[in-house]
Amino acid sequence: MLDPESILWTGKYLVVGESKTLDYYLHVIDPESETLIKTMGKDVFGPGEISTAYQLEKGKSVNEIWVYDHTQKLIALFDLESPDELYQKAFRQPQNMYLATDIRWFSDDKLICRLADGDDKYVLYDTLGNQLTTYGTWSQLIADPSLPPNVIKSVHQGRTSFNPAQKKYVLGGRFRDFIEILDLSSGEIISTRGPEHVIPAFVVDYSAGYPMAQFTDRSLSSYYMDIIAGDEYIYALYFGKSADLYYKNGELSKEIFVFDYDGKLVKTYTLDYSLVSLAVDEENRRFFGISSDEDPNVVVFDF
């Protein structure tokens, strides 16, 4: 693996996604035999090819996954047991859905996402690109009416996960230690702050031609590095330290915080290996992760 960044447990296979590659973005692994089964997700922009594998999502069966390719503005379906190395089909974002990011399937004809610009936090679209519902606003998170919404959004950026059985969409903050839980059945958003409950210091920077948050602390802490919306609980991979430690000695997240869907912390786990990304097998009580050392690999923990 060249630069693995994401990992997914389908219920049968482990799938590792690369952030950059020389040939293929996806590695399919059998965790029982600890063997690489195949590689797929051919690089570049040809038919059936992808250009990133940052975000992975389960399909309807244990043999399928969806890969979100934000560069090509599409979500691609892969059959892990197909001899084909290309995706089977893809949903391409319509022009009126162009600003949608972090897209995940809510149902066969609806998608839940965030937006690259604007004050709306979470948006439900149909497959024609029509906005159906919006949930919450970014301006509610910082009580300063002078701040543009996309500045507040960038302060609250992070990883997301969706559980279709629970109908819950969750966000774990990278630079602010918070978790939000959106209940798509009721529209209610539960926000959990902490453990430090800090807003990072920043100024509004216009050098790109539009306002963005520029963090002023060079030793800025990173908090929730990954998050999984499980069938029973939410699992958050927590760091809580400066990213300088990662660049100096490869140290990253060694703690997993477990929350219920009311946002209450119910358990913590401390690992003996630091991770970049997390996957969870709730049925067999296993954590899977990508190690953060110079030669990254897949590691397994029983819990």
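Two strands pair if DSSP finds at least two bridges between them. With that in hand, let's walk through this structure, which is a predicted model, beginning with a trio of strands.

Strand E6 covers residues 64-69 and is joined to E7 by six bridges, with the two strands running antiparallel. For a landmark on this pairing, find Ile65, which stands opposite Phe78 in E7. Four residues lie between E6 and E7, and the two strands form a hairpin. In its turn you will find Lys73, which has a positive phi of about 55°.

E7 also pairs with strand E8, residues 89-92, in the antiparallel sense, here over four bridges. A handy marker for this pairing is Ala76, whose bridge partner in E8 is Ala90. How many of the six residues of strand E7 are buried? Five of them are, so E7, spanning residues 74-79, is largely enclosed by the rest of the structure.

Next, let's turn to the nonpolar cores. The largest one has 27 residues, and those with the most contacts inside it are Ile7, Tyr235, Ile256, Leu278 and Phe287. Strands from both ends of the numbering given here supply at least two residues each, including E1 (4-9), E2 (14-18), E22 (265-281) and E24 (298-302). Which strand gives the largest share of this core? That is E22, with seven residues.

Ile7 is a good place to look around in this core. Leaving aside its neighbours within four places in sequence, Ile7 is in contact with Leu14, Val15 and Val16, as well as Leu56. Its contacts further along the chain include Ser277, Leu278 and Ala279, then Phe288, Gly289 and Ile290, and also Val298. Apart from the largest core lies another, of 18 residues, among them Trp138, Leu141, Val151 and Phe178.

Our last stop is a polar residue, Ser291, in strand E23. Is Ser291 buried or exposed? Its relative accessible area is 2%, and buried means under 20%, so Ser291 counts as buried. What does its side chain reach? One partner is the backbone nitrogen of Asn297, at 2.9 Å. Another is Asp293, whose side chain is joined to that of Ser291 by a polar contact of 3.1 Å. Not counting residues up to four places away in sequence, Ser291 touches Tyr273, Ser274, Leu275 and Val276, along with Pro296, Asn297 and Val299. Asn297 thus appears twice around Ser291, both among the residues it touches and as the owner of the backbone nitrogen its side chain reaches.

How values were computed. Residues are numbered from 1 along each chain as its sequence is written. This is a predicted model: local features need pLDDT of at least 70, side-chain atom pairs count only at pLDDT 80 or more; totals for chains, interfaces and linings use all residues. Side-chain values use heavy atoms; hydrogens and water are left out. A nonpolar core is a set of buried Ala, Val, Leu, Ile, Met, Phe, Trp, Tyr and Cys residues joined through side-chain atoms within 4.5 Å. Buried means under 20% relative accessible area, exposed over 50%, partly exposed in between (1.4 Å probe, protein chains only). Contact means heavy atoms within 4.5 Å. A polar contact is a pair of N or O atoms within 3.5 Å; within protein, one must be able to donate a hydrogen and the other to accept it, and residues adjacent in sequence count only if both atoms are side-chain atoms.
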